[in-house]
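Biologist: Could you take me through one part of this model up close, and then show me how the surroundings fit around it? I'd like one connected answer rather than a list.

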Amino acid sequence: MIELANIQKNSTESILEIGVKTCKQDLLNVIPQKYANLHRQAYIHIHDLEFYDKTYNCIGLSICDLIKDTSLQVSAVLRKLYRSIVNLTNSQSGGIGFLSFDCDMAEFRVDETDEVLIETFSNFFEDLNIYSRKGCEKPYTTLNIGYGTSVNARRITKAILAASLKGNSEGNPFIFPNIVFKYSRDINGIETAPNYDLFQMALKGTANRMIPTFFNCDASFNKNYNPNKIGIMGCRTRVIDDLYGEPSGLNRGNIACVTINLVRLAVESNQNFQTFLKKIEALFEDCSELLLHRFNTLCNSNSSIFALENKLYLDSVKDRETAFKHGTLSIGFIGLWDALSELFNANFSEVGNLHKFHKDALEVLRIMRHKVDSFRTEHHMNFSLLASSAEGTTGLFAQQDYKKYGQQCKSAAKGFYSNSFHIPVDTKISIFEKINLEAPFHAMCNGGCVSFVELDEQPSCNIEGVQKIVEYAIKSNCNYFGINFPLDKCKVCGHFGRIADTCSSCGSSDILRLRRVSGYLSEKATFTIGKMKELELRKASTWH
């Protein structure tokens, strides 16, 4: 089983792990051996392999898809919604994204007081943090909010942000749901905008809890779409263009994803950049064929799928193939800068080298995006390029490459590869320079991407500074953006802040340490091996 921070080690998990391992081994003997061997040899990683012939990855929904009775109060809606989420999450391999949660919820009876609304959402969030997925995971649920301007939509957004800031019954931040604030200048980005006050609430939450993150409705590649039909699913997935229907992320999602190991290709290219690019193109061809095989396998499967049985997926009243053709097939990547380090023998902890080889990094992305676009035309399927989160794969690829190449692959020696196009975590770089360097990659990753900046401490007293960072990322044309920082809490006295070995207030060493891993918060102790090694090297970005 791929390691995830969102897994509770319990008896169910131990049995599940045995079953998943067996299932993966069996499937690798069924998948065409060329592609199975690419997975075994760590050229690629087939995500959610155990679900290969059983279900799709993620889906974008409206609450009204699940709850039809608009006469219900919010409290009743959320109780029913939680039950539907549990049913749905156990019938797919990835996340559930409500793309316009505030506007959707405003369709129901919002006649509770503000205090009751906050308490109602707190209870809903508590439920979402129960290990109800497979008995050992929390359902990965994302709420996109902030765009609705009606009285009820605004009240819903306020209640969600207040409940998130308040935390759970112990005062700790909620791990789930992932809350995404949809930024648009005319809706919430300037003082005269109707939801500017909600943007300020969101910034306060980010400064204290790292939540919410921010989706840029004004980005050049988002601004022409209906803002109520686009948003984030899971930790970064973006679904919008559809060869078989109108542009929308609703009632469709990513069917499957495979991630390529850029570092492996770089090592085998013997420091020849053109050879490296050709290897990428060849491996992308293999990935496209693998994804088509998986798509056809799923379409011919008789597995029980909640979204199809309940007509949640577009055209599911017809047949599986017609429905799933609306979904996306994503090819992802990790280790961009690690790969360039191997190719050019460059140390990217030095900012000057990042600038020197930035055009080469952009060329790699251009080649990859060109390939997925060509697959859309050739196969008439919704292929997309994903900046993979690769929570477990980041360490797995590095471990296997180090075993194969040893010190010949210096990037592998540190025990992990950097996610997607992210600047290496040990680079001492300013906040705004990091955004400048990463922003151009966002337009190329139409299947989803995210950028984060790392601060050295909780900026709860500097909301103005947080606003400057977020607005800079928005103006730089980032698609999706978040701010990370150490979030520690003493379990004895409740003191929040960056805590060393012991609490400065009471001296206790019983400390809850929360960090963000691949898009969601988690206890540091549950990080995967690769992510733990990454965390050890992370350096905070500077203001100048």
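Modeller: I'll start with a central strand and work outwards from there. Keep in mind that this is a predicted model.

Let's look at strand β8, residues 328-334, which is mostly covered: seven of its seven residues are buried. T328, S330, G332 and I334 point one way, while L329, I331 and F333 point the other way, and all are buried. That fits the usual pattern, in which side chains of a regular strand alternate between the two faces of the sheet.

β8 has a partner in β7 (residues 254-261), and the two run parallel, joined by seven bridges. If you want a spot to check the register, A256 has L329 of β8 as its bridge partner. β8 also pairs with β9 (residues 382-387), again in the parallel sense, over six bridges. There, T328 is matched with N382 of β9.

Now for the packing. The largest nonpolar core holds 146 residues, and those with the most contacts inside it are F101, F121, I260, F276 and I280. Helix α11 (residues 273-299) supplies the largest share of this core, 13 residues. Take I280: leaving aside residues up to four places away in sequence, I280 touches I260, L262, L265, V364, I367 and M368. As a general point, nonpolar side chains in soluble globular proteins tend to be buried together.

A polar neighbour is worth a stop too. H47 sits in the loop between β1 (44-46) and β2 (59-61). With a relative accessible area of 17%, H47 counts as buried, because the cut-off for that is under 20%. Its side chain makes a polar contact with the side chain of T259, at 2.6 Å. Besides T259, H47 touches C257, V258, R294 and T393, again not counting residues up to four places away in sequence.

Next, helix α19 (residues 431-442). Its 12 residues reach 17 Å from first C-alpha to last, close to the 16 Å expected at 1.5 Å a residue. I431, K434, I435, L437, E438, A439, F441 and H442 are its buried residues. What covers them includes the helices α14 (336-344), α15 (351-356), α16 (358-379) and α20 (463-475), along with the strands β10 (451-454) and β11 (480-484).

For another helix, go to α1 (residues 11-28). Its 18 residues should span 26 Å at 1.5 Å a residue, and the end C-alpha atoms are 26 Å apart, which agrees. The buried residues of α1 fall within an arc of 120° when seen down the axis, so they line one face of the helix. They are E13, V20, C23, K24, L27 and L28, and they pack against α2 (33-40). S11, I15, I18 and K21, on the other side, are exposed. At the N-terminal end, N10 caps α1, with a side-chain oxygen 3.2 Å from the backbone nitrogen of T12.

Last, a second sheet. This one is open, with four strands in the order β13-β12-β14-β15 and antiparallel pairing. β13 (496-497) and β15 (520-523) are at the edges with a single partner strand each, so one side of each has no neighbour in the sheet. Four bridges join β15 to the antiparallel strand β14 (residues 511-517), and R516 has L521 of β15 as its bridge partner.

How values were computed:
Residues are numbered from 1 along each chain as its sequence is written. This is a predicted model: local features need pLDDT of at least 70, side-chain atom pairs count only at pLDDT 80 or more; totals for chains, interfaces and linings use all residues. Side-chain values use heavy atoms; hydrogens and water are left out. Two strands pair if DSSP finds at least two bridges between them. The expected span of a helix is 1.5 Å times one less than its number of residues. Buried means under 20% relative accessible area, exposed over 50%, partly exposed in between (1.4 Å probe, protein chains only). The arc is that of the directions from the helix axis to the C-beta atoms. Contact means heavy atoms within 4.5 Å. A polar contact is a pair of N or O atoms within 3.5 Å; within protein, one must be able to donate a hydrogen and the other to accept it, and residues adjacent in sequence count only if both atoms are side-chain atoms. A nonpolar core is a set of buried Ala, Val, Leu, Ile, Met, Phe, Trp, Tyr and Cys residues joined through side-chain atoms within 4.5 Å.
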